[in-house]
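Trainee: I would like to take a close look at one part of this model with you. Could you walk me through it once we have it on screen?

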Amino acid sequence: MFESDVLDVTQQASTGDLPAKSHVDDLIADAHARYAGLSDGVVADYIPILAEADPSWFGLTLVGINGSTHSAGNADITFSIQSISKAFVFALVCEEVGHAAIHDRIGVNNTGLPFNSVMAVELNGGNPMNSMVNAGAIATTALMPGRTIAAKWENIRNGLSRFAGRALEMDDTVYESEMLTNQRNKAIARLLQSYKRLDPDPLDIVDIYTRQCALSVTATDLAIMGSTLANGGVNPITGEQVVSAWASRDTLALLASCGLYERSGEWLFEVGLPAKSGVSGGIVAVAPGKGALGAFSPPLDSAGNSIRGQRACAYLSRSLGLNLFASSTLDSFAS
């Protein structure tokens with residue numbers, strides 16, 4: 001069952017800007033207080049280093065497209081970005097190779113299967129299906145421009161840094177821990193190669209993919225990165241045009257349908273925002289034209305999504321009127 005727990009919260013609707021700063025600050029604090037004591041979920045341990053995370057960590061940040069920043073809790077604790085990197089690498093590659101090439105080479109449909117599924121590739125004739133699962137993300141990483149593997153990696157690191165508005169660094173310990181346990185990703189890459197969906201050496205691409213997942217971010221970084229997509233590709237803090245408005249649009253469309261793994265449909269039904277999660281406990285949720293939420297809390301549900309993060313985003317989507325499908329205030333969503 002999707003972790004929302006917001007049936008007592010009135011669904012607001014807003015087609016304009018975010019509310020006043022003091023109101024947003026109050027609601028961010030309310031969301032944090034409401035779920036800080038929640039003990040549900042399990043910290044990921046299939047990557048050994050992730051198991052060392054403190055399950056009590058919980059940070060929230062909302063960044064508006066005007067650069068306004070609202071935070072609560074552990075918003076400045078660093079953690080590895082993991083699968084959330086897929087969203088921003090997709091945007092960068094989409095910018096470089098174009099809408100049609102991404103659609104034809106990788107696809108944009110939800111697999112309905114776990115993020116590391118091999119069966120999804122086989123069932124679809126070698127088509128990775130979408131860039132938000134491991135097979136599609138590995139294929140997307142392979143499309144990043146760069147004459148050498150080192151150049152491809154630097155283009156990814158630099159691109160995600162531009163989204164965050166600061167230089168992001170790779171956590172060597174996380175990278176080494178993942179490299180010891182990523183046999184499945186290597187197998188997926190080999191499978192993609194056999195279907196001629198991967199041109200470079202598959203092990204080189206898995207190495208780059210593992211590096212991008214090991215970049216260190218905070219909940220505030222995620223909110224800035226998401227707000228860049230909400231702002232037509234313009235970073236709200238630095239003012240830099242990181243990607244085009246159409247690449248931002250395509251990325252948000254894919255996140256809406258595929259960003260929360262096999263729970264994506266439930267997420268969109270309950271929260272109504274394009275979003276991406278990662279197994280380190282991060283979530284970024286984007287309200288186009290308004291801003292983005294960054295959440296961090298390590299305990300996960302069975303699909304690999306932060307439980308506190310999901311609930312906080314659901315609460316704020318309702319209380320701030322962020323849901324894309326809400327056109328008027330509704331007194332109750334209980335029925």
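Trainee: Which side chain does the side chain of asparagine 185 join in a polar contact?

Mentor: Happy to take you through it, and do keep in mind that this is a predicted model. The partner is asparagine 134: the two side chains are joined by a polar contact of 3.0 Å. To place asparagine 185 in the fold, look for helix α8, which spans residues 183–194. Asparagine 185 has a relative accessibility of 13%, and because that is under the 20% cut-off, asparagine 185 counts as buried. Setting aside neighbours within four places in sequence, asparagine 185 is in contact with Asn134, Ile138, Val206 and Tyr209. Asn134 therefore appears twice in this picture, as a contact of asparagine 185 and as its polar partner, given that N or O atoms within 3.5 Å can make such a pair.

Now for the setting. The protein chain has 13 helices and seven strands, and 58% of its 335 residues are buried. Of the contacts with a separation of 6 or more, 72% link residues 24 or more positions apart. The chain exposes about 12600 Å², with carbon and sulfur atoms supplying 51% of that area.

You may also like to see the cavities. The whole structure holds two of 30 Å³ or more, and the second largest has a volume of about 30 Å³. Its lining includes Leu18, Leu62, Leu273 and Leu322. Strands β6 (282–287) and β7 (291–296) each give two or more residues to that lining, with β7 providing the largest share, three residues. By type, the lining of the second largest cavity has eight nonpolar residues, one polar and no charged.

Notes. Residues are numbered from 1 along each chain as its sequence is written. This is a predicted model: local features need pLDDT of at least 70, side-chain atom pairs count only at pLDDT 80 or more; totals for chains, interfaces and linings use all residues. Side-chain values use heavy atoms; hydrogens and water are left out. Helices (H or I, at least four residues) and strands (E, at least two) are DSSP runs, numbered from the N terminus. Buried means under 20% relative accessible area, exposed over 50%, partly exposed in between (1.4 Å probe, protein chains only). Contact means heavy atoms within 4.5 Å. Accessible areas come from the Shrake-Rupley method with a 1.4 Å probe; for residues, only the protein chains shown count as cover. A polar contact is a pair of N or O atoms within 3.5 Å; within protein, one must be able to donate a hydrogen and the other to accept it, and residues adjacent in sequence count only if both atoms are side-chain atoms. On a 1 Å grid over the protein atoms alone, a cavity is a set of points where a 1.4 Å probe fits but cannot get out, and a pocket is an open set with protein on both sides within 12 Å along at least five of seven lines; lining residues have an atom within 4 Å of a point. Grid points are joined across faces, edges and corners, and a volume is the space filled by probe spheres set on the points. Ala, Val, Leu, Ile, Met, Phe, Trp, Tyr, Cys and Pro count as nonpolar, Asp, Glu, Lys and Arg as charged, and the others, Gly among them, as polar.
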